[in-house]
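Me: I would like to go through the inside of this model and its strand pairing, one question at a time. Please reason each answer through before giving the value or name.

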Amino acid sequence: MPQLLPFAGLRPGLAVVGSVDAVICPPYDIITEEERAALLARSPYNVVRVELPNGQYGEAARLLQGWQMSRALVREDKPALYGYRMSYVAPDGEPRQTLGVMGALVLEPPGRGILPHENTTPKAKSDRLELIRATHANTSPIWCLSSEIGLADALGPAPAGPSEGGLGGLTRARDDDGTLHEIWAVTGPATHDAVSKLVAASPLLVADGHHRYETALAYQAERRASASGADAHDGQHGESGGERPGVIKAGYDAVLALVVELSERQLQVMAIHRVVSGLPAGFDLLGALGASFELVPTTAEGPKLLAEMAQVGALALVTASGCWLATPRATGAAAGYELDSNRIDAALAELPQHNLAYEHDIAQAVMAIRTGEVTAAVFCRPATVSQIARTAHGGDRMPPKTTFFWPKPRTGMVMRDF
């Protein structure tokens, strides 16, 4: 069963960095080049320099060490689990919160205690592997889901405000989307035990960070293959300690993870849409997709389009010529599937050779159509929490790019080195 252990994290030193808002960044895989440039200009301590070093892995490692020496990063004085809360306004206008716990998740091959919920697209993992080799650190957490109820309650109340130096107490930061991120250290052994027992009670689903988890496993195998007696006793800042059960021998035996309850009240799951380009000139896309979907024209846009999709049980096809609700037919490539991602991926596989990309932002997809960058976009409805749980616990995986969990925990609120 999963093991989530405390660790002594690296957190922003407020006396040096000033504003935590200025030094955090999104996870590496959703940062555009324009966003990276803006983050670099925001602060010399912005963690994008380490999280996304553009191939300069040695420089990332030097920065990580240098920031500790200058106390731009300060280590917690004792091992902790970390409460992590994100407060935001959902797309429907309602205020929401996601509350979970961060810790060092002991690595194990996926399949029993750790369950991937969707397949991954082919993607080079060398970047993340080179970064972890150079820094010996987890800069951003993977995100896991637990079906156990009471995880948030087991953490206890958050502190009222920051302690001296910003450690131990509450650290707040607001991201560019307006989401408030709050983190605090939980050091009490009784709370550690209560949280660890809940996490260990059932398998964890990997919601976000499949590639990072696979990279952590690859790095663990690499280190174990070359391990010496000294390697087995790396300085772990509270994670090592003889052969006691539930204690990892080396820092590379775990990965930084945020664990959240698998419940509707804790999660905002959004869809990832498909954008198509590169089809042969004059190709009849509507005719081809008409074999799998009943296409009905609509003039709805934005939230109204999403409401129509939910009401009639349809996807939406958008081209420069118009917009259509796409209801799956009983026959055709889309027939028999539960998820919109399955349905459209099966139908698109029937098309001539083309370019397929993914976009979670409908406005960006529509803009790409208007500028002629892409031929069409197909908007999907989001998978439900029950669909996610049913798929993972049944031993299956959803298609790649089915779910987009939002908001994302920020890199730089706490990091874990080995």
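**Strands, cores and cavities**

Reply: In this predicted model, strand E16 (residues 315-319) pairs with E17 in the antiparallel sense, over 5 bridges. The two strands form a hairpin, and 2 residues lie between them.

Me: Which residue of E17 is the bridge partner of Leu317, and which is the bridge partner of Pro297?

Reply: Strand E17 (residues 322-328) also pairs with strand E15 (residues 293-297), in the antiparallel sense and over 5 bridges, so that two pairings have to be read, given that strands count as paired when at least two bridges are found between them. In the pairing with E16, the bridge partner of Leu317 in E17 is Trp324. For Pro297, the bridge partner in E17 is Trp324.

Me: Which helix gives the most residues to the largest nonpolar core?

Reply: The largest nonpolar core has 54 residues, and those with the most contacts inside it are Tyr82, Trp143, Leu145, Leu267 and Phe405. The helix that gives the most to this core, with 5 residues, is H4 (residues 57-69).

Me: How many residues are in the other core, the one with Ile142 among its members?

Reply: This core lies apart from the largest one, and Val186, Val195 and Val206 are also among its residues. In general, nonpolar side chains in soluble globular proteins tend to be buried together. The number of residues in this other core is 26.

Me: Is Ile142 buried or exposed?

Reply: Ile142 has its place in strand E8 (residues 142-146), and, leaving aside neighbours within four places in sequence, Ile142 is in contact with residues including Leu105, Tyr213, Val255 and Leu258. A residue counts as buried when its relative accessible area is under 20%. Because its relative accessibility is 0%, Ile142 counts as buried.

Me: How many charged residues are in the lining of the largest cavity, and how many in that of the second largest?

Reply: The largest cavity holds about 150 Å³ of space, and its lining includes Glu51, Arg128 and Arg212; by class, this lining has 5 nonpolar, 4 polar and 3 charged residues. The second largest cavity has a volume of about 70 Å³, and among the residues that line it are Val17, Tyr45, Trp67 and Met415. By class, the lining of the second largest cavity has 9 nonpolar and 1 polar residues. The charged residues therefore number 3 in the largest cavity's lining, and in that of the second largest, where Asp, Glu, Lys and Arg count as charged, there are none.

Technical notes: Residues numbered from 1 in each chain as written. Predicted model: local features only at pLDDT ≥ 70, side-chain atom pairs only at ≥ 80, totals over all residues. Heavy atoms only, no water. Core = buried A, V, L, I, M, F, W, Y, C linked by side-chain atoms within 4.5 Å. Buried < 20%, exposed > 50% of the residue type's maximum accessible area, 1.4 Å probe, protein only. Helix = DSSP H or I, 4+ residues; strand = E, 2+ residues; numbered from the N terminus. Contact = heavy atoms within 4.5 Å. 1 Å grid on protein atoms, 1.4 Å probe; cavity = no way out; pocket = protein on both sides within 12 Å on 5 of 7 lines; lining within 4 Å. Points joined across faces, edges and corners; volume = space filled by probe spheres on them.
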